[in-house]
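Here is a walk through one structure, from the fold of a chain to the contacts between chains. Have the model open while you read.

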Amino acid sequence: MNEIATLIAALLLLIGSAFTLVAAIGLLRLPDLYTRMHAASKAGTMGSCLVLIALAVHAHDLGTMSRALAGVVFFLLTAPVSSHLLAKAAYSVGYRLHPTSVRDEMAPKDKK
Amino acid sequence: MISLATLFDLAVTVALCSLCLSFLITIYRIVKGPTLPDRILGLDMLVAIAIGFIAVIGIKTGYTLYVDVAIALGLVGFLATVAFARFVMSRGKTEDDILAEVRQAATDARREARAASKAAARSGEGPGRPAAPAPAAARKEPGHE
């Protein structure tokens with residue numbers, strides 16, 4: 001039982017850190033703010049949540065486990081809100097999408 | 001056959017290395033980030049990576065007191081991002097942002113022209129000739145700034 005938990009924790013660690021790395025590479029390579037936000041706020045949140053779940057699986061006492069899971073829930077609740085607020089603020093101020101973007105649903109209707 | 005403990009240690013080391021790498025990449029984006037929202041997004045990402053670090057350290061050393069710190073760090077990062085978003089909204093767009101966007105568009109156009117001329121040169125010498133001088137002139141442009 002203990003060995004299975006260790007194996008699962010190792011697997012979750014690897015997957016979570018890989019997600020974080022992918023998010024960082026997306027932050028580096030994607031062309032504009034909105035696509036970068038798509039990488040950072042989804043894959044980044046997923047990565048740190050998986051690592052926290054690995055800690056919860058690996059921990060032996062209930063206190064650490066519940067705190068790690070509370071951290072996961074809290075992080076899942078706050079990350080979309082903050083990135084949505086930032087995207088809304090940036091769009092309303094007028095930071096443009098990259099020219100290769102195919103669709104802008106919030107564009108003013110009269111221009112079209 | 002590798003023992004389970006060795007495998008676990010290897011996983012922890014790999015996780016720490018990739019978290020370090022993503023930390024450095026995010027710092028590069030914060031330093032370079034053409035506009036303010038890019039930097040704020042980078043800070044948000046840094047908070048996420050720091051939480052991941054705390055969890056990995058907690059697994060590696062068994063010192064799980066820092067998980068409380070991770071929760072508090074998540075709260076601080078959330079509030080900071082919300083406050084920065086309000087700040088972006090109230091500040092509006094500055095000249096620096098417009099300049100950065102224009103520079104970014106120029107870089108993209110230059111890269112596109114270079115790719116087009118390379119494709120033209122590959123398809124044959126005839127169409128390659130007139131397209132070749134354009135990227136060379138464009139490449140000289142950043143030196144003037």
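Helices here are DSSP runs of H or I at least four residues long, strands are runs of E at least two long, and both are numbered from the N terminus. On that basis, chain B of this predicted model has 6 helices and 0 strands. Reading along the sequence, you get α-α-α-α-α-α for chain B.

Chain B has 145 residues, and 37% of them count as buried. As for how its parts meet, take the contacts in chain B with a separation of 6 or more: 57% of them come from residues 24 or more positions apart.

**The interface**

How many residues of chain B are in contact with chain A? There are 50 of them, and they touch 46 residues of chain A. The size of an interface is often given as the accessible area lost when the parts come together. For chain B and chain A the buried area is about 4,300 Å², with carbon and sulfur atoms giving 79% of that.

There is some polar business too. The interface of chain B and chain A holds 8 residue pairs in polar contact, both residues at pLDDT 80 or more. On the chain B side, the elements that give two or more residues to the surface touching chain A are α1 (4-32), α2, α3 and α4 (95-123).

**Salt bridges**

Side chains of opposite charge can pair when their charged atoms come close. Searching the whole structure turns up 2 salt bridges over all chains, and the interface of chain B and chain A has 2 salt bridges.

Start with B:Asp38 and A:Arg36, whose side chains meet at 2.6 Å, N to O. This pair crosses between chains, with B:Asp38 in helix α2 (residues 36-61) of chain B and A:Arg36 in helix α2 (residues 33-58) of chain A. Are these two residues buried or exposed? B:Asp38 counts as buried because its relative accessibility is 3%, and A:Arg36 is buried as well, at 4%.

Then there is B:Asp68 with A:Arg67, where the closest N and O atoms are 2.9 Å apart. That pair also crosses between chains, going from helix α3 (residues 66-91) of chain B, home of B:Asp68, to helix α3 (residues 62-93) of chain A, home of A:Arg67. B:Asp68 has a relative accessibility of 33%, so it counts as partly exposed. A:Arg67, at 28%, is partly exposed too.

Here are the four partners by accessibility:

| Residue | Relative accessibility | Class |
|---|---|---|
| B:Asp38 | 3% | buried |
| A:Arg36 | 4% | buried |
| B:Asp68 | 33% | partly exposed |
| A:Arg67 | 28% | partly exposed |

**Two buried spots**

A:Thr20 sits in helix α1 (residues 2-29) of chain A. It counts as buried because its relative accessible area is 3%. What is A:Thr20 in contact with, leaving aside its neighbours within four places in sequence? In chain A the partners are A:Gly47 and A:Ser48, while chain B supplies B:Leu19, B:Ser22, B:Met45 and B:Ile49.

B:Gly74 belongs to helix α3 of chain B. With 5% relative accessibility, B:Gly74 is buried. Setting aside neighbours within four places in sequence, B:Gly74 is in contact with A:Phe74, B:Val47 and B:Ile51. B:Gly74 also makes a handy ruler: B:Cys17 is 57 residues away in sequence and 22 Å away in space, C-alpha to C-alpha.

**Cysteines**

Why does B:Cys17 form no disulfide? Its sulfur is 6.6 Å from the closest cysteine sulfur, in B:Cys20, and that is too far for a bond because a disulfide needs the two sulfur atoms within 2.5 Å. Over all chains the count of disulfides is 0. A:Cys49 is another cysteine to look at, and it counts as buried at 6% relative accessibility.

**What the record adds**

For chain A, an unreviewed UniProt entry places the feature "transmembrane region" at residues 39-57 and 69-87. How does the model draw those spans? Residues 39-57 of chain A are 100% helix and 0% strand, and their end C-alpha atoms lie 26 Å apart. Residues 69-87 of chain A are likewise 100% helix and 0% strand, with 28 Å between the end C-alpha atoms.

How values were computed:
Residues are numbered from 1 along each chain as its sequence is written. Chains are lettered from A and ligands numbered from 1 in the order in which they are written. This is a predicted model: local features need pLDDT of at least 70, side-chain atom pairs count only at pLDDT 80 or more; totals for chains, interfaces and linings use all residues. Side-chain values use heavy atoms; hydrogens and water are left out. A salt bridge is a side-chain nitrogen of Lys or Arg within 4 Å of a carboxyl oxygen of Asp or Glu. Buried means under 20% relative accessible area, exposed over 50%, partly exposed in between (1.4 Å probe, protein chains only). UniProt positions are given in the numbering used here, feature names are shortened, and annotations may be inferred rather than shown by experiment. Contact means heavy atoms within 4.5 Å. Buried area is the accessible area (1.4 Å probe) that two parts lose on being put together, summed over both. A polar contact is a pair of N or O atoms within 3.5 Å; within protein, one must be able to donate a hydrogen and the other to accept it, and residues adjacent in sequence count only if both atoms are side-chain atoms.
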